Amino acid sequence: MAPAIAHFLLGASLALLVATPIALRFRLPAWVPLWIVAIGGIWGLVPDVHHVAPLSESQLYAFHNTQWADLFAFHYTLDAPAVRARHDASVFWSIALFLVASALFTIAGVANARTAVGETPAPHLLALATASIPGLLFVAATVGIPF
């Protein structure tokens, strides 16, 4: 099992990468990146809810051990024995990916601030794009597109 920080950072990184084109197009309020990181990180941790759930622990644990958990920031893949054997590497690479995603998101925001004529906040589009990630992964898993 990968450490929780790796799950959190991978979810946050994927959410930031999905939101980067939106930051490039629209000038977003300063609070939006913080919420993207928080929501994306929690999204990556959802399959581990069986650790704290007062009810249905066995069903939630069973879900955690299926490939459906990959819909939550590749959770199942991170818990694979090959990744589990490389604990330090999984933490290092999740931090590195998070730094790259943060840099790309920041660069997109700065590029927008220098080129945008008017201020165009569109947090509703950002929320829509972030909320569509699990749906898109679900469609990819059911259609049979390999991850």
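This report describes the nonpolar cores, a surface patch and one loop residue of a predicted model.

## Basis

In this predicted model, local features need pLDDT of at least 70 and side-chain atom pairs count only at pLDDT 80 or more, whereas totals for chains, interfaces and linings use all residues. Residues are numbered from 1 along each chain as its sequence is written, and side-chain values use heavy atoms, with hydrogens and water left out.

## Nonpolar cores

The largest nonpolar core (buried Ala, Val, Leu, Ile, Met, Phe, Trp, Tyr and Cys residues joined through side-chain atoms within 4.5 Å; buried means under 20% relative accessible area, with a 1.4 Å probe and protein chains only) has 16 residues, and those with the most contacts inside it include L16, I36 and F98. At least two residues of this core come from each of α1 (4-25), α2 (32-45) and α6 (87-115), helices being DSSP runs of H or I with at least four residues, numbered from the N terminus; α1 supplies the largest share, seven residues.

Leaving aside neighbours within four places in sequence, F98 is in contact (heavy atoms within 4.5 Å) with L9, A12, S13, L16 and V37. A second, separate core has nine residues, among them L10, L71, F72 and L78.

## Surface and loop

L104, which lies in helix α6, is partly exposed (between 20% and 50%), with a relative accessible area of 40%.

Q67, in the loop between α3 (57-64) and α4 (75-78), is exposed (over 50%) at a relative accessible area of 60%. Q67 and T77 are 10 residues apart in sequence, and their C-alpha atoms are 7.9 Å apart in space.
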